[in-house]
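Q: Hey, I'm new to this one. Can you walk me through what's inside?
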Amino acid sequence: MIEIKNIKKNFGSQQVLKGISASFENGKCNLIIGKSGSGKTVTLKCMVGLFEPDEGTIMYDGRNITEMDFHARKDIRREIGMLFQGTALFDSLTVEENVQFPLDMFTNQTAAEKLERVNFCLGRVNLPNTNKKYPGELSGGMKKRVGIARAIVMNPKYLFCDEPNSGLDPKTAIVIDHLIKEITLEYNMTTVINTHDMNSVMGIGDKVVFLHEGLKYWEGTNKQIMEITDGELFDFIFASDFLKDLRRNAKY
Amino acid sequence: MLKIFEQLGGFLTLMYSAFSKPEKAQMYWKETFRQAKDIGVGSLPIIAIVSTFIGGVSAVQFAYQFRSISLVPMWWIGSIVRKGMILELAPTVSALLLAGKVGSNIASELGTMRISEQIDAYEIMGVNTPAYLIGPKIAASVIVVPMLVVIAVALGIVGGWGAGLLGGFFSTTEYFRGVQDGFDGYDVFIMLVKAVLFGFTLSSISCYKGFTVQGGAVEIGKSSTQAVVLSSIVMMIVNFFVAFLLL
Ligand SMILES: Nc1ncnc2c1ncn2[C@@H]1O[C@H](COP(=O)(O)OP(=O)(O)OP(=O)(O)O)[C@@H](O)[C@H]1O
Ligand SMILES: [Mg+2]
């Protein structure tokens, strides 16, 4: 479980996060949703320590990462996997080398053990036989899969995904969502996902946190979202007038 | 002015973390070796071509000047080409060529990694990114630049020889008598000092410029130009002080 309390972050004079508190539970897909520019990526980067929040605490199962020095943080980072918005695959390395990198750097496994683990992870994301390709040779969906394989190769307890299905067609997006969900359940991970895709919210949103103008505006499950009939969240979810009418006329 | 000190501070902090203890030495060696190969093999052709011609041009120019002073024997050309290449031409010309080639390459590679969040990805894994991404580049550069300079000297001397034979200024025996005459190991020492300092200056400035890029593709382009310009200037200042202090 990850708990954030009163996270604030400014860039210059721009207040991006104005005091966000939320908790993210084990074995669940926790979604952070919000408009583009609402601070989802900044929140995620504060949580993993890529940005220093100006204020607030971030607890990983009771361990406060904001108070840790570089070395203690490094230990927590071994327990973190992250899928970046643009996948951030190392483009000078092959798919296999990308996934294997954390093993090379942080374990003393033999070459055979490492290869077995890499192949297992690539198989898990349904990407067999791409080992020797370079990221530049892959489609967007394949890159996301490699990104997921790399994120889970060290058996992380915490998985962060920044818009895992942006740029994918709706079908592939759903496949990737379900892959993340399955992996989350399988390893009982605490998974935090940034998204503005309504299919994801409805499909895998065990818990949903809605950010609006730097604050947490709403929190609940995907089932509860369907009961909302007005306000910022309603506007966000049912973005078009067409959907709003559809929702208002629907009988429950 | 304040900005210069800010940058200098940032540079020194980055260099400090670039040389902190590696988490797994073997990975760092591998990376250093890869970088050395990249820098060395990649720059060899241009350095070889340019230094051969520079040696040739020096020989031709001195022959032209010596012809008007009939008292000077032509075999001196060998010794002048050698001394000129070792003390000044090989290190300086290599440095400027490498600033253009290796410097811009390093800055744009690191810049791209920064913008595409690859550096963040290393960071998340718990990799000490300055140490892993910068340390090996600087180490490789400090090792490889002196090697390239030595090759440049050798090819410059060969170039001078070829040009002299073509122009009929001297015979092979005369030229190599000159090349060997009055050889001073101290010159080589100065050359190596320069080469090591150039290797460090060039790679560290370019790494700094690339590693700290913010923005997008335009900024990557700008920072790699800045890396070339700034490292060329700093290397020439270093060059002056080495000559001033050690000669
Ligand atoms: N490194 C930075 N420096 C300055 N401002 C930043 C930085 N990163 C983000 N911001 C600002 O913070 C705000 C929130 O950005 P963020 O990337 O978190 O949005 P987001 O919710 O992830 O949007 P999207 O859905 O488009 O990815 C934006 O206004 C952005 O300009
Ligand atoms: Mg974002």
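A: Sure, and keep in mind that this is a predicted model. Let's begin with an aromatic cluster made up of Phe90(A), Phe101(A), Tyr28(B), Tyr122(B) and Tyr132(B).

Q: How many aromatic pairs are there over all chains?
A: The search of the whole structure turns up 21 of them. One is Phe101(A) with Tyr122(B), an edge-to-face pair at 5.1 Å centre to centre with 70° between the planes. That pair crosses between chains, going from helix H3 of chain A to helix H4 of chain B.

Q: Is Phe101(A) buried or exposed? And what about Tyr122(B), buried or exposed?
A: Phe101(A) has a relative accessible area of 3%, so it counts as buried. Tyr122(B) is buried too, at 5% relative accessibility.

Q: Which pair do Tyr122(B) and Tyr132(B) make, and why is it called tilted?
A: Their ring centres are 5.7 Å apart and the planes sit at 55°, so the pair is tilted. Tyr122(B) belongs to helix H4 of chain B and Tyr132(B) to helix H5 of chain B, with the two 10 residues apart. Both tyrosines are buried.

Q: Switching topic: how many cavities of 30 Å³ or more does the structure hold?
A: There are 3. The largest has about 140 Å³ of space, and 15 residues line it. Nearest its centre are Ile80(A), Gly81(A), Arg150(A), Ala151(A) and Met125(B).

Q: Which elements give two or more residues to that lining?
A: From chain A, strand E6, helix H3 and helix H5, together with helix H4 of chain B.

Q: And how does the lining of the largest cavity split by class, what's nonpolar, polar and charged?
A: It has 11 nonpolar, 1 polar and 3 charged residues.

Q: OK, what volume does the second largest cavity have?
A: About 40 Å³. Residues from chain B line the second largest cavity, among them Ile47(B), Val50(B), Met85(B), Leu89(B) and Ala152(B). Helix H2 and helix H3 of chain B each give two or more residues to that lining, and H3(B) gives the most, with 6.

Q: How many charged residues are in the lining of that second cavity?
A: None; the lining divides into 9 nonpolar and 2 polar residues.

Q: Last thing, back to rings: where does the charged end of Arg177(B) sit?
A: Over the ring of Trp75(B), 3.9 Å from the ring centre. Arg114(B) also lies over a ring face, that of Phe211(B), at 4.8 Å from the centre.

Notes: Residues are numbered from 1 along each chain as its sequence is written. Chains are lettered from A and ligands numbered from 1 in the order in which they are written. This is a predicted model: local features need pLDDT of at least 70, side-chain atom pairs count only at pLDDT 80 or more; totals for chains, interfaces and linings use all residues. Side-chain values use heavy atoms; hydrogens and water are left out. On a 1 Å grid over the protein atoms alone, a cavity is a set of points where a 1.4 Å probe fits but cannot get out, and a pocket is an open set with protein on both sides within 12 Å along at least five of seven lines; lining residues have an atom within 4 Å of a point. Grid points are joined across faces, edges and corners, and a volume is the space filled by probe spheres set on the points. Helices (H or I, at least four residues) and strands (E, at least two) are DSSP runs, numbered from the N terminus. Ala, Val, Leu, Ile, Met, Phe, Trp, Tyr, Cys and Pro count as nonpolar, Asp, Glu, Lys and Arg as charged, and the others, Gly among them, as polar. Rings of Phe, Tyr and Trp (its six-membered ring) pair if their centres lie within 6.5 Å; planes under 30 degrees apart count as stacked, over 60 as edge-to-face and the rest as tilted. Buried means under 20% relative accessible area, exposed over 50%, partly exposed in between (1.4 Å probe, protein chains only). A charge sits over a ring if NZ of Lys or CZ of Arg is within 6 Å of the ring centre and within 35 degrees of the ring normal.
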